[in-house]
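Biologist: I'd like to go through this one with you and hear the reasoning behind each label. Can you put it up?

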Amino acid sequence: MKYFITTAIDYTNADPHIGHAYEKILADVIARYHRTFEGPTFFLTGVDQHGQKVQQAAQKNGVQPMEFAKKITAKFLALWEKLGIQNDGWAETTDLRHKSAVRKVLQSLYEKGELFKAKYSGYYSVRQEQFLTDKERNDAGEFGPEWGEVIFLEEENWYFPLEKHKRWLKSYVDSHLDFVIPAFRRTELANAIERISGDLCVSRPKERLSWGIEFPFDPDYVTYVWFDALLNYVTFAGYLSDGNETLPDFKELWPCKAHIIGKDILVPAHGIYWPIMLHAMGFSDEQLPRLLVHGWWNVAGAKISKSLGNVIDPDLLADKYGADALRYYLMRDNVVGQDSDFSEERLLVRYNSDLANGLGNLVNRTINMSQRYRAGILTPAPVRDADLEALQQLAGSAIERYREAFERFEVHNAIETVWELVTRANILVEQKAPWKLAKEPEQAELLDAVLYVLAETGRLISLMISPVTPRSSARIVEQLRSETASRLEWGGLPSGHHLGTPSPIFPKIEPY
Ligand code: MSP
């Protein structure tokens, strides 16, 4: 069974911003960790191309929805390439394979009596294209100006029953404590389940919205965008693909180890609609996925939005600082599950202090000194030295804690553990001052031992940080010539190992 993880699929109504980038990087880091240290992994991400938002954005730009969606999709694809996102599957909801599987799901739900047609009448906002309930009324009991023109409308649509599955969902969530991570989000979901009432409207009449997947048994309707989009997690994993060889084998992937999503789409989409959909489709409780819910990146405490003009472009940041520096910053300055505040100054501080002065300096000094004093050849001399032994011991415990942190999706803790090693190894350089040892022939063995411990620590660090900074780690590995030493345990570099040529990986960037 492969380790299968996914992210939310991004709307193709506007350009990608730092929030989208954060989520894909988080998923990529977790996927890379598993691929490198645990075994076969499948990471699925993609784009949400249907629905009203995309249709409206296309209209505004005077092009067809498909053309618009494709253009934005290309931007996402280029950004993921630039940021080193290594996804195994790519989900585009206009993909014929997806559309065909969605129709099969609709047909089978219909046959099971899990879809019904009903007339609904009520107040309707023309601008927002949605029915309004009393919840939308303001304190004066009116629908505010944000809803634009409000009319009374009667419309027939297809409905998916939610309320009838409420008791099942409640007991499922109460008895599966790790369905939602972190735990405080589970509480939020449990409260929302109590409030479930009514059914979910899963169709839109074509005359109002045409940009969607047509109903197989009622061609005047298209599928509600969330119903279509949520299904990407199974359709691109091979569900109902009739053995289509361009898609994975569903049995090998499902159930998903983690759907990585933002806090805004837990309730109701992923926490209520999605499990109920899977349950109604016949998935057993053991076949349900787990939700890893992350927080939001804000700017100076405010939500990122086009209208506030505070949108941060990850593409520009990657050009300016490098993709790895951006990946490192986003993973290091965020506690998975909590919100964070984006600051370019902070990115620069992190880059200079952690990457340039910390890791870069350690690797550079280690290889430089080995070249200067030992022609780049390592000899692990059997010297007993408390400082060296302490660093080796720390490496052992850091590896353990690093693995545990990843198992709990605590990427920030995993990175902190690696940096304990970086800091202690840099301190060791100062403590042992190899440049002094090199002048004292009776310290030759100690010098050998110090250089070995530093190089081996550097090897382990480059490996442990590789999910976060893959391209820089590959360069470190090249300079250490440690390609064949990829095990995450002490002693990978053999005696007589020949180090390569040092060259700065993270040159210091002067503040502008
Ligand atoms: N298309 C839907 C998801 C369908 S999944 C079946 C959607 N798209 S989105 O483009 O609006 O958001 C995609 C992901 O980016 C969501 O998980 C969302 O939480 C995340 N983010 C959007 N803005 C964000 C921040 N400012 N910070 C962190 N992540 C945020 O929702």
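Modeller: Sure, and keep in mind it's a predicted model. Let's begin away from the ligand: Asp242 sits in the loop between α8 and α9 (250-253).

Biologist: What makes the phi of Asp242 worth a remark?

Modeller: Its sign. Most residues other than glycine have a negative phi. Asp242 isn't glycine, yet its phi is near 50°, a positive value.

Biologist: And which peptide bonds are called cis here?

Modeller: One joins Ile181 and Pro182, with omega about 0°. Another joins Val267 and Pro268, again with omega about 0°. Most peptide bonds are trans. As for where they are, Pro182 is in the loop between β8 (180-181) and α6 (183-194), while Pro268 belongs to helix α10 (residues 266-281).

Biologist: On to the helices. Why are α14 and α17 called roughly parallel?

Modeller: Two packed helices are described by the angle between their axes and the distance between the axes. For α14 (residues 386-407) and α17 (residues 444-464), the angle is about 10° and the axes are 10 Å apart. Angles under 35 degrees count as roughly parallel, so α14 and α17 get that name.

Biologist: What do the two helices put into that contact?

Modeller: From α14 come residues including Leu388, Leu391, Ala395 and Tyr402, and they meet a set in α17 that includes Leu446, Val450, Thr457 and Met464. By class, the contact of α14 with α17 has 13 nonpolar residues, one polar and no charged.

Biologist: Now the ligand. How do you know which residues surround it?

Modeller: A residue counts if one of its heavy atoms lies within 4 Å. That gives 24 residues, and the closest are Ile9, Glu23, Asp48, Asp264 and Trp297. The shell divides into 12 nonpolar, eight polar and four charged residues.

Biologist: What makes the pairs with Glu23, Asp264 and His20 polar contacts?

Modeller: The cut-off for N or O pairs is 3.5 Å. An oxygen atom of the ligand is 2.5 Å from a side-chain N or O atom of Glu23, and for Asp264 the value is 2.6 Å. His20 has a polar side-chain atom 3.1 Å from a ligand oxygen. Each of these passes.

Biologist: How much of the ligand does the protein bury?

Modeller: Alone, the ligand exposes 660 Å², and the protein buries 95% of that. Elements giving two or more residues to the shell include β2 (10-11), α1 (18-37) and β13 (258-262).

Terms used:
Residues are numbered from 1 along each chain as its sequence is written. This is a predicted model: local features need pLDDT of at least 70, side-chain atom pairs count only at pLDDT 80 or more; totals for chains, interfaces and linings use all residues. Side-chain values use heavy atoms; hydrogens and water are left out. A polar contact is a pair of N or O atoms within 3.5 Å; within protein, one must be able to donate a hydrogen and the other to accept it, and residues adjacent in sequence count only if both atoms are side-chain atoms. Accessible areas come from the Shrake-Rupley method with a 1.4 Å probe; for residues, only the protein chains shown count as cover. Helices (H or I, at least four residues) and strands (E, at least two) are DSSP runs, numbered from the N terminus. Ala, Val, Leu, Ile, Met, Phe, Trp, Tyr, Cys and Pro count as nonpolar, Asp, Glu, Lys and Arg as charged, and the others, Gly among them, as polar. Axes are lines fitted to C-alpha atoms, for helices over the stretch in contact, and angles run from 0 to 180 degrees between N-to-C directions. Angles under 35 degrees count as roughly parallel, over 145 as roughly antiparallel, 65 to 115 as roughly perpendicular and the rest as oblique. Contact means heavy atoms within 4.5 Å.
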